[in-house]
Amino acid sequence: MSDLTTQSRDDPLGRFQRVALFVGAAGLAIGLIGCCFSRAQFFNAYLYAWFFVLGLPLGGLAIAMLHHLTGGAWGRAIRIPCEAAAMTLPAMLVLFLPVALGMKWLFPWADEDLLARDVVLRHQSIYFNPTWFLLRAALYFAAWCVLAAVLTSQSREYQRHGDERLLRSMRNISAGGLLLLVALITLATFDWVMSREAHFTSSVIGFITSVGETLSAMVFAIAILPLLTPRDPELREFVTPAILNDLGNLILTLVILWAYVSFSQLLVVWMGNIDHETPWYLHRGIGPHATAWTFVAVLVLLFHFFVPFFILLSRDAKQQFLILTTLALGLLIMRALDVYWLIAPSGADVPVGRRHVSVLDLPMLLGVGGIWFYVFVLILRRRGPRLVAREETSADEVLAKEGGGAGANAA
Amino acid sequence: MTDQVIQPGHTFATVTDKIASIVLTRPIGRGWLVLVVITGFLTIMLSTAVGYLLAVGVGIWGVDVPVAWGFAIVNFVWWIGIGHAGTFISAFLLLLRQDWRTSINRFAEAMTLFAVACAGLFPLLHLGRPWFFYWLFPYPNTMKLWPQWRSPLVWDVFAVSTYATVSLIFWYVGLIPDLATLRDRSRHRVGRVVYGILAMGWRNSARHWHRYQMAYLLLAGLAAPLVVSVHSIVGMDFASAQLPGWHSTIFPPYFVAGAIFSGFAMVMTLAIPLRAVYGLKDFITARHLDNCAKLMLVTGLIVAYGYSSEIFLAWLSGNEFEWYMTTNRMGGAYGPAFWALILCNVVIPQSLWFKRVRVNPKTLWIVSLVINVGMWLERYVIVITSLHRDFLPSSWGMYYPTIWDWATFIGTLGFFLLCVLLFIRVLPAISIFEMRELVHETSLAPAPAAAEGGK
Amino acid sequence: MTAAKSHIYGLLAEFDTPEALIAAAEKVRDAGYRRTDAFSPFPVHGLAAALGLQRTRVALITLLCGICGGLGAYGMMWFSSVIAYPFNIGGRPPHSWPAFVPITFELTVLGAAFGALLGMLALNGLPQPYHPLFNVQRFADHASRDCFFIAIDAADPKFELSDTRAFLESLQPQHVSEVPR
C-alpha cells in the first residue's frame, strides 16, 4: 500500500485500478437496474460474466502450479500476477451469490415445470438439484481457495528466503493440486455450463474449459505487463526477447490446444449427429442455417485461432514487447467472446432457438471484471514491489547441470 | 547423480567411438543371435498367418457380426499408440528443450517406424481384399469414383500414411550426420559405401548445419501436432459412430494420452534391457528412467480421467443404452478384462508416485510391462464390449479370437523385435552428434587427459 | 600463382575446441574472406553468426509447401464431393467442412515435411558424391569425430596462397593444410 502514495503520479496500474473500480460499480449498477425489468436477462448475463472472470484466478492457479512443476524462465515473468489472480478466489466465491440466487432462471433442472415434463431431467435430479449444486460449489471453492492460499504463502516465503525445502513442498502440492484442479474444473463445468443445456453431455467439455481458462490467465498476465514494468525496473529488464519468445510459444501452444479440443468436440458431435447432442451446436449457429451466432463462431475461429496462430509463428513478431502484449490483449477479448458463445446460447427459460442476447451482457462483464480487477490489484500490491519470481532451482540441480561432483560413478 | 543425463568423463571422441563401436566393431553376441532366431521364427509364423489369410480370407479370424472389429483393430490401435511415444520423445521434448531426450530419441524413433509398420498391416489385412488397398486413395479411375471423405476410416488412411512418411523423414534427417560418422569410421569397404550413399556426402559444414538445424526444428514442430492428430483420428474411428461406448467427445484427446502412455511403457520395456546389455548406462541414466516414469504417470492419470468421465456421463445422460453398455462392460461376459485393465492402467501405475519405484530399473520395467498389457486390454474392451451388445438383443453375440488371430498378433511382436534387433546392429541406437553436443553443453568436454578414462 | 590456385581447392585449418573455431571464424570473416566454411562434428551455437551467414530460407519453403498441401487437400475434397460426384451420405451436405478438416491437416503436414526435407537438401547441395575436402586425411578421419576446421576456398577473390596461409597460421590452429582438388 505504501508505494501507492509514492508512485501514484506515473503509476498506470493505480490509474487502471481506479478506472476499473468505477467501471465495475457502474456496470453492476446498470445490472441491478436491469434486474428490476428482467430477472432472466440479469441472471444469464451475470452467470456469463462471472464464469468468464472465474477463468482468470483458476487459470492463474493452473499456471502457477505448472511452473512449479516444470520450471523455466518464462514463468518468473508472470507467476506473481498469476498467484495474485488465484488469491482472488474468495472474492469470486462472494460473487457466486447471484448465481445461487438465480438458479431458477439459469438451469433447466431448477425449473419445476421443465422438471415435471422431462424424464431425463428427473433422472439427473439426483445429481443436479439445488442442494447438491450449492454443496458442490462450496466444495470446489473450498478446495481451490485452500490450494491457492497454501501455494501462494509458500511461494511468498520462498521469494523472501529462498529456502530449498519449500521447493520440494511446492512441487508436491502442485502435482496433486493440478490433478485436483482439473477434476474440479471439470465437475464445475458440468454444473455451471453443461447442465444449462438439458440432455447435452460431453465428456471433453471440462478439458475445454480447463485449457481455455489457462489461456485466459496466460494472456491476461501478459497483457498487463505494460502496467507492471513501470513499477519494477527488474521486471522491465527481465522481459527480454528470449522470454517473450517463450511466452509467445506458450500462447501458441494453448491456442492450438484450445482449437484442438474444441474442434474434437464439434467433430464428434457432428459425425454422430444424435438428437440430444446436436442442439448444442444448433443453438450456437453451427448447422444448416446461419444465425447471428454463426457470425460469432466465425469471429472466434478467425481471431481466437487463425490470426494469433500465424502471428505467433513469426519469431520477429513474438519477440517484440508491444506486439506480444497487444496480441495477448486481443486474445483476452476473444476469450470473453468464446465464453459468451459457450454460455449465452443456452438457458432455463429458453425454448430451443430463441433469445439469449441481452443489453445487460456487456455491462455485467465490465461490472464483474472491473470489481475483480480492483481486488486483483489490491492483492498484487500486497505482494510488494518485486514482480519477478525467484528462480526455482535447488543446489542438486545446479550441480547436475554443471556435471560436477559425481565423477566417482563414471565407468 | 541421478539427475545427470550423461556420466562425466566423456569427450567428443569417446562418445563417438563408444556408440559407433556397437555398430562397427562389436562382435555378434550369442544372446543377440538367439533372439534373432526366435523373433525370426515368429516372423515366419506371421508370414504364414498372413499368407493363409490371403489365400482363404478373413473368415479364418474370429470376426463376425456383431463383432466385426476384432483383434485386427485392437492390435492396430495398440501398435500405432506405441509408435507415438517415439515421436513424442523426439519432437515434443526437442521443442521443450529437454536435453535428456538425446540419448533415447533415435531409438524411440526407430521404434515408431517399426510399430507403425506393424500397425499398418492390420487394417490392410482387415480390408478383406488387401490387394485392392489402393482404392482408398484418390486416383483417376474408370468409374470416376472418389473416396468417401466423410468417413474417419478414410481419414485414417491419410493420417497413418502421412505419419509413417513424416516419421521416416524425421528419423532419416536425424540420422544423416551419424551416417557420415559411420562412413568415416567404418573399416570395411561395404560399410563405407553403404553408409556413404546414405549420408549423401554430408561433411559437417557449418553452412549445412545452419539449414539442417532449422529443418530439424521445423520437422519436430510438424511431427508434434501430427502425432496428436493421428491418434485423434484413430479415436474418431470409434467416436464418429453412434455406438454406446464409442461415441464420446473425449475420445480424441484421451486416445492421444493413452497412446503416449503405452508408448512410453514400450520405450522403457526395450530401453531398460538395452542399456544393461550394451553398457549404455552412462547415456541412459536414472534421470531418463525417472522422467519417462513421470510422463507415464501423467498420461496414465489423463487416461483415468477419461475412464471416469465416460462412466459418470453414461449415467448422467440418462440414456438406457449408454448405461447398459457401461454395466455390461463392468459386469458382463468381458467384465474380467475391464477390471484387469483398471488394475493395469490405473491402480498399478500409481506406484510411480514413489521415486524408489521410478529409479529402480527392475520395478520400472515390471510396471511398464503391466502398462503394455493394460493398454492392449483397454483397446480390447473398447472394441469388443461395445460391439457385442448391439441396440437390438436379437443381434447380440460373442467374440472369440481364433488361433490365427493370436498367430498374427504374436507374429507382429516377433517382427517388431526382429526389426529392433537388426536396427541396433546396423545403425547407431543413440544419436552421436547430439551426444557430442550434450558433452559440449555440459562442459564435460575438452580435457584430453580424461579421453581414455570414460570407459 | 594462378596455376597453383587451379589445382588446389583451398586451405584448411584445424582447431581442437568449438570456442577456438568460433574465435577463428570471426577473424576470417573480419579479414574479408567470403567463400569460407567451417566444419564441426555437431552444430555449434554461434558459429553461423561468426561466419556471417544469412537467415535460411528453409522455413519459408516449408511454410509454402505446407500451404500448398493444405489448399490442395481441401480443394480436392471440395471439388470431388461438390462438383465431380455429389452424393448424399448420411444426410450430410456435399460441402461437409468439419469432415474435411482432418485430411486437410494431414496433407498440410505432409507437404510441409517434404518442403523441410527437400528444401534443406537442395539448399545444401546434397547429395554430393565427391568433395575435395575428404582428400585431407585429418579431415576424413576427424571432422565427424572430435576436430573443428575452417576452410577458405581458392575461388575467394581475396585468396592468395601464401598470404592466406600465413593468415590462417596466425589464428593458432593445430594444422594448416592445402586441399588438393
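**Close-up views of a predicted model**

**View 1. The second largest cavity has a mixed lining, with five nonpolar residues, four polar and one charged.** Here, Ala, Val, Leu, Ile, Met, Phe, Trp, Tyr, Cys and Pro count as nonpolar, Asp, Glu, Lys and Arg as charged, and the others, Gly among them, as polar. This is a predicted model, in which local features need pLDDT of at least 70 and side-chain atom pairs need 80 or more, while totals for chains, interfaces and linings use all residues. Residues are numbered from 1 along each chain as its sequence is written, chains are lettered from A and ligands numbered from 1 in the order in which they are written, and side-chain values use heavy atoms, without hydrogens or water. The space in this second largest cavity is about 60 Å³. Look for B:Thr87, B:Ser90, B:Glu109, B:Thr112, B:Tyr163, B:Val166, B:Ser167, B:Phe170, B:Ala223 and B:Leu226 around it. In chain B, α3 (71-95), α4 (102-126), α5 (152-185) and α7 (206-239) each bring at least two residues to this lining. The top contributor is α5(B), with four residues. (Helices are DSSP runs of H or I, at least four residues, numbered from the N terminus.)

**View 2. The largest cavity is lined by eleven nonpolar residues, with no polar and no charged ones.** A cavity is a set of points on a 1 Å grid over the protein atoms alone where a 1.4 Å probe fits but cannot get out, and lining residues have an atom within 4 Å of a point. The volume of this largest cavity, counted as the space filled by probe spheres set on the points, is about 80 Å³. In chain B, helix α1 (residues 12-24) gives the most to the lining, with three residues. You can find B:Ile19, B:Ile22 and B:Val23 in the lining, along with B:Leu274, B:Tyr278, B:Leu280, B:Ile424, B:Leu427, B:Pro428, B:Ala429 and B:Ile430. In the structure there are seven cavities of 30 Å³ or more.

**View 3. The second largest pocket holds about 820 Å³ of space.** Its lining has 25 residues, and the closest to its centre are A:Phe16, A:Phe220, A:Leu329, A:Leu332 and A:Phe373. Two or more residues each come from α2 (12-37), α3 (39-70), α12 (205-223), α13 (225-228), α19 (321-343) and α20 (361-382) of chain A. The most come from α20(A), which gives seven. By class, 21 are nonpolar, four are polar and none is charged. (A pocket is an open set with protein on both sides within 12 Å along at least five of seven lines.)

**View 4. Two helices of chain B, α11 and α13, meet side chain by side chain or backbone in this view, with B:Ala337, B:Phe338, B:Ala340, B:Leu341, B:Cys344 and B:Asn345 coming from α11(B).** Their partners in α13(B) are B:Val370, B:Ile371, B:Gly374, B:Met375, B:Leu377, B:Glu378, B:Tyr380 and B:Val381. Contact means heavy atoms within 4.5 Å. The contact of α11(B) with α13(B) has eleven nonpolar, two polar and one charged residues.

**View 5. Three loops hold backbone details worth a look.** Most residues other than glycine have a negative phi, and most peptide bonds are trans. B:Val65 and B:Pro66 are joined by a cis peptide bond, with omega about 5 degrees. B:Pro66 sits in the loop between α2 (30-56) and α3 of chain B. In chain C, a cis peptide bond links C:Leu126 to C:Pro127, with omega about -5 degrees. C:Pro127 belongs to the loop between α5 (97-124) and α6 (137-142) of chain C. Now turn to A:His199, a residue other than glycine whose phi is positive, near 80 degrees. A:His199 lies in the loop between α11 (164-192) and α12 of chain A.
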